[in-house]
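Here is a short report on a two-chain model. It starts from a single site and works outward to the chains and their contact.

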Amino acid sequence: MALIRREWKAKEADEWTREDWFAIILSPLAYVALMVGTALSMLLLPVGFVILGAGIGLTLLLVWVINPKLSTISTEYEKKQKDYIQQLEKITEWEATE
Amino acid sequence: MVAFTFLDWFWLAAFIVLMVGSGVLFYRLGKRSEADFFLAGRGLPWWLPASSVYATHTATDTPMWVTGVVYKHGLAGLWYTFFSAWCAISAFVSTRIFRRSLAYTQAEWQTLRFSGLPSHLLRGWMAGWQVFMNMFILGWVGIAMGKICHYVFDWPTWVGLVFFSAVCAIYVLAAGYWGVVMADFQQGIIAFIVILIVSVWGVVAAGGPAAIIQRLTEMGQADRLNPFAFTGWFSGDFPIAWFLTMFVIAVIGGFGMGTSIDWYAEAQRIQSARTVKDASWCIWSGTALVLMRNAVWGVAILGFFVLYPNIADVKDYELGWFRLGFENLPAGMIGFFFAAIVAIHISTISTHLNLGAVYMTRDLYHHYIHPKASQDRLVWVGRIATFMLLLGSFVFGSIMENITEWLIFALWLMAAGVWLPNILQVVWWRFNGWAYLAAWISNLVFSWLVVWVLPAFGVIPSLQDYEQFWILMVLGAFIYIPVTFLTKPENMEHLVKYYVMSRPIGWWGPVKREAIQMGLL
């Protein structure tokens, strides 16, 4: 079984899996590298370009890891969204319980 | 005072027409329904709300703030701006959960997550608090524009406060959130380009990157080039303990909702995205741009420090980035720069006008006063609410000098004692509405005691802000944890509905098992 899953069924994508945790770890690291790398690159310091490159690499990895799962969740959820919105309006107008 | 040529005035006039016009163009879409006036019909691709995230968090006071911390601490000061990194985790956790709830606002979400009386008390409280907070932010940002106009044109500060907010209100009143997000898109592009041009211009004016590094080294200030230059674990004015506290608050806060004041504006962008995926990426990429922009500003301020190293008064050096632009750009470009400042300003004003109005309209008027109101009427109530916020912001702005300290305290209330409850409400099924309400009330009491009363009477020493954070968090837990266990769990049927719709992360085992038993999963 692959470390990172790229094909998802709707029911499985709704669960929280290790791909989510990879994203949770990669994402702040990418932010740190993008911010620090941008600053040091603007000063034309070689280490800045290395860190900025790492930030871009982490961002691409993040997209690669989590995007297939998010796509599946979105497609499945859109089918139910209309009914949920109607329910939400009924709650606001006190026609349904919360 | 800065001298404007004809070309400068041309740029300013052209930009204002473009910005207001691009918002007003969406009048017909904005007036269709409450969902259009406040969420652009929930149909936006990720890059539109992302540009709005970026534009909203690029306000007139933002370069002053970034300048202040970088001038004082060097590049390490950028960590003060890293609080926005709560979006790192939020984009893939709380954003996803909140988008699936479909709640217009965080106040509405309270009635989906909790039930009964506490949920309504929370919805009312949060709606009122957000109306107040948005009015306050409008006043705060507005008076920053007043100060800039005073610096550039020597106008009285109220002129800059009133004039540009009123101009912005034209398209917010006409097209609601459609106007906000469409204007934000082009304002974000203008702002990004001009920030880059002015900052690079400033670095060049200081002699270029190599000269800045050389000069800082000669001055014995080479530490300013190091983003990780701390003053010790607990000592000095930039200790590692502060950094770690900030990192935990910001990053771990992404598991919760409302752990940052910016959550409330982001929540609107999340719901306006057309899918869950679009919501996640809009928050993530908008914030990534914000952090990179701060870095660009930071380097420009190093250049400003090299040019003007001995400014002692914060009120003088916080205008550093603006000075780089006004003092170094050639004639004809000054107006371009000022027009970009106007873009920066009104993108934030438009967001908070519409955001305060959604709480007033959706949570107070629609739900509690007139549940059967027509869509046409709700759009008009939205416009009246927008106008009331505009007027309120003028009052706040005019008294801002006297109340800033109190209002920073009010902002602090949002963060410390309710930080953990904001996470618990997302990740723990057993945490109930009474506990969350108790957390808010106890935080109100404890924060007064810890920040003001006890130090004033010498009972405890004046504490660093990061020390106050941890103390308030622990004190609050002594109240809301017992309240959680001494009151009943939320109604299981209600929790199952919420779970099936939102699929939250964390400890939801009993609710999930019930949902499976009911055949809903």
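Leu102(B) is buried, because 21 other C-beta atoms lie within 10 Å and the cut-off for burial is 20 or more. The residue sits in the loop between α7 (94-101) and α8 of chain B. Leu102(B) is not a glycine, yet its phi is positive, about 70 degrees. The model is predicted.

Asp154(B) invites a comparison. Phi of Asp154(B) is near 65 degrees, again a positive value in a residue other than glycine. The loop here is the one between α9 and α10 of chain B. Is Asp154(B) buried or exposed? Asp154(B) counts as exposed, because 9 C-beta neighbours fall inside 10 Å and the limit for exposure is 12 or fewer.

**Confidence**

The model scores ipTM 0.95 and pTM 0.94. The mean pLDDT of chain B is 92. In chain B, 97% of the residues reach 70 or more. Which elements of chain B mark the extremes of mean pLDDT? Helix α18 (residues 375-415) of chain B has the lowest value, 83. The highest, 97, belongs to α14(B).

**The two chains**

Chain B has 23 helices and zero strands. Chain A has three helices and zero strands. Along its sequence, chain A reads α-α-α. The radius of gyration of chain A is 20 Å, well over the 13 Å that the globule rule gives for 98 residues, so chain A is more spread out than a compact globule. Chain B behaves otherwise: a compact globule of 521 residues would have a radius of gyration near 24 Å, and the 23 Å of chain B agrees with that.

The table sets out further values for each chain.

| Chain | C-alpha span along principal axes | Buried residues | Contacts 24 or more apart, among those at least 6 apart in sequence |
|---|---|---|---|
| Chain A | about 65 × 40 × 15 Å | 41% of 98 residues | 55% |
| Chain B | about 70 × 55 × 40 Å | 58% of 521 residues | 81% |

**Helices of chain B**

Helix α20 (residues 433-456) of chain B has 24 residues. At 1.5 Å a residue, it should span 34 Å. Its end C-alpha atoms are 34 Å apart, which agrees. α20(B) also bends, by about 45 degrees, at Leu449(B). After α20(B) comes Gly458(B), whose phi is positive, near 75 degrees.

Helix α16 (residues 320-328) of chain B contributes to the interior. Its buried residues are Gly320(B), Trp321(B), Phe322(B), Leu324(B) and Gly325(B). What covers them? The cover includes α5 (61-73), α9 (116-153), α10 (157-205), α14, α15 (314-317) and α17 of chain B.

**Where the chains meet**

The contact takes 42 residues from chain B and 31 residues from chain A. On the chain B side, α6 (86-90), α8 (106-113), α11 (209-218), α14 (276-307), α17 (334-369) and α22 (492-502) each supply at least two residues. Which of the elements of chain B gives the largest share? That is α14(B), with 12 residues. The side of chain B that touches chain A divides into 28 nonpolar, 10 polar and four charged residues. α14(B) thus comes up three times: it has the highest mean pLDDT among the elements of chain B, it is part of the cover over the buried residues of α16(B), and it gives the largest share of the chain B side of the contact.

Ile505(B) shows the contact at one residue. Ile505(B) is found in the loop between α22 and α23 (509-517) of chain B. Leaving out residues up to four places away in sequence, Ile505(B) touches Trp16(A), Val93(B) and Val427(B). Ile505(B) and Ser94(B) are 411 residues apart in sequence. In space, C-alpha to C-alpha, the pair is 8.5 Å apart. Ile505(B) is partly exposed, because it has 19 other C-beta atoms within 10 Å, and burial needs 20 or more while exposure needs 12 or fewer.

Technical notes: Residues are numbered from 1 along each chain as its sequence is written. Chains are lettered from A and ligands numbered from 1 in the order in which they are written. This is a predicted model: local features need pLDDT of at least 70, side-chain atom pairs count only at pLDDT 80 or more; totals for chains, interfaces and linings use all residues. Helices (H or I, at least four residues) and strands (E, at least two) are DSSP runs, numbered from the N terminus. The expected span of a helix is 1.5 Å times one less than its number of residues. The bend at a residue is the angle between axes fitted to the seven residues ending there and the seven starting there. Two residues are in contact if their C-beta atoms, placed from the backbone, lie within 7 Å. Ala, Val, Leu, Ile, Met, Phe, Trp, Tyr, Cys and Pro count as nonpolar, Asp, Glu, Lys and Arg as charged, and the others, Gly among them, as polar. pLDDT is the predictor's confidence in each residue, from 0 to 100. The radius of gyration is taken over C-alpha atoms; the globule rule is 2.2 Å times the number of residues to the power 0.38.
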